[in-house]
Amino acid sequence: MFQYSISLLQIYQATLKMHKTIISDTSCFIILSKIGELDLLKKVYGQIVTTSDIVEEFGETLPDWVIIENVSDKSRQRILELQIDRGESSAIALALEIPKSTLILDDFKARKIAQQLGISFTGTIGVIIKAKLNGIIPSIKPYLEKIKETNFRISAEIVLQALKKAQEF
């Protein structure tokens, strides 16, 4: 009986450690790579899933903690491609196939579609905020400054919202 209880406890603890699947679109890889912080994804989520379409768009080799999965229902992806690009379409189509997944999307139109489809999502800035709130980084400000130096558009309003969410304002 006692050994049985320990086994159930171990199973329960292992279940608590499991997290939902995180699927990243190209923009997050590009932005974090440009600022030299791609490993932040691993530190926050451990493992990231993406599609071969996104890998192709990114154009560089991704680390081994990024798992490549392909969409089973290509017809969904093709329908989505009528509104958004192939990478975003593949990410959303894959999220529809993986229950309780979360997407990392930065494109406004893709986020609207994900919202309409009931898919959980965040953006690259959300990943950085999560890193701060989880104690992985001390402040989001240096990351935001580095991002501003790239061609990624980030408004003053978004910066202000991010600083508030990260409890830095």
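**Packing of helix 7 and aromatic contacts**

In this predicted model, the buried residues of helix 7 are in contact with helix 5 (74-80), helix 6 (86-97), strand 4 (102-104) and strand 5 (120-122). Helix 7 spans residues 108-116, and its buried residues are Ala 110, Ile 113 and Ala 114. These residues lie on the same side of helix 7 because they cover an arc of only 100° around the axis. An α-helix has 3.6 residues a turn, so residues three or four places apart point the same way. The face of helix 7 turned away from the buried side carries Phe 108 and Gln 116, both of which are exposed.

The ends of helix 7 were also examined. At the N-terminal end, Asp 107 acts as a cap, with a side-chain oxygen 3.2 Å from the backbone nitrogen of Lys 109. Gly 118, which follows helix 7, has a positive phi, near 75°.

A search of the whole structure for aromatic pairs returned 1. The pair is formed by Phe 29 and Phe 58, with ring centres 5.8 Å apart; the planes are at 55°, so the pair is classed as tilted, edge-to-face being reserved for angles over 60 degrees. Phe 29 belongs to helix 2 (residues 26-34) and Phe 58 to helix 4 (residues 52-58), so the pair ties together parts that are 29 residues apart in sequence. Phe 29 and Phe 58 are both buried.

A contact between a charge and a ring involves Lys 146, which lies over the face of Tyr 143 at 5.6 Å from the ring centre.

Terms used
Residues numbered from 1 in each chain as written. Predicted model: local features only at pLDDT ≥ 70, side-chain atom pairs only at ≥ 80, totals over all residues. Heavy atoms only, no water. Buried < 20%, exposed > 50% of the residue type's maximum accessible area, 1.4 Å probe, protein only. Helix = DSSP H or I, 4+ residues; strand = E, 2+ residues; numbered from the N terminus. Arc of directions from axis to C-beta. Contact = heavy atoms within 4.5 Å. Polar contact = N/O pair within 3.5 Å; in protein donor to acceptor, adjacent residues only side chain to side chain. Phe/Tyr/Trp six-rings, centres within 6.5 Å; stacked < 30°, edge-to-face > 60°. Lys NZ or Arg CZ within 6 Å of the ring centre and 35° of its normal.
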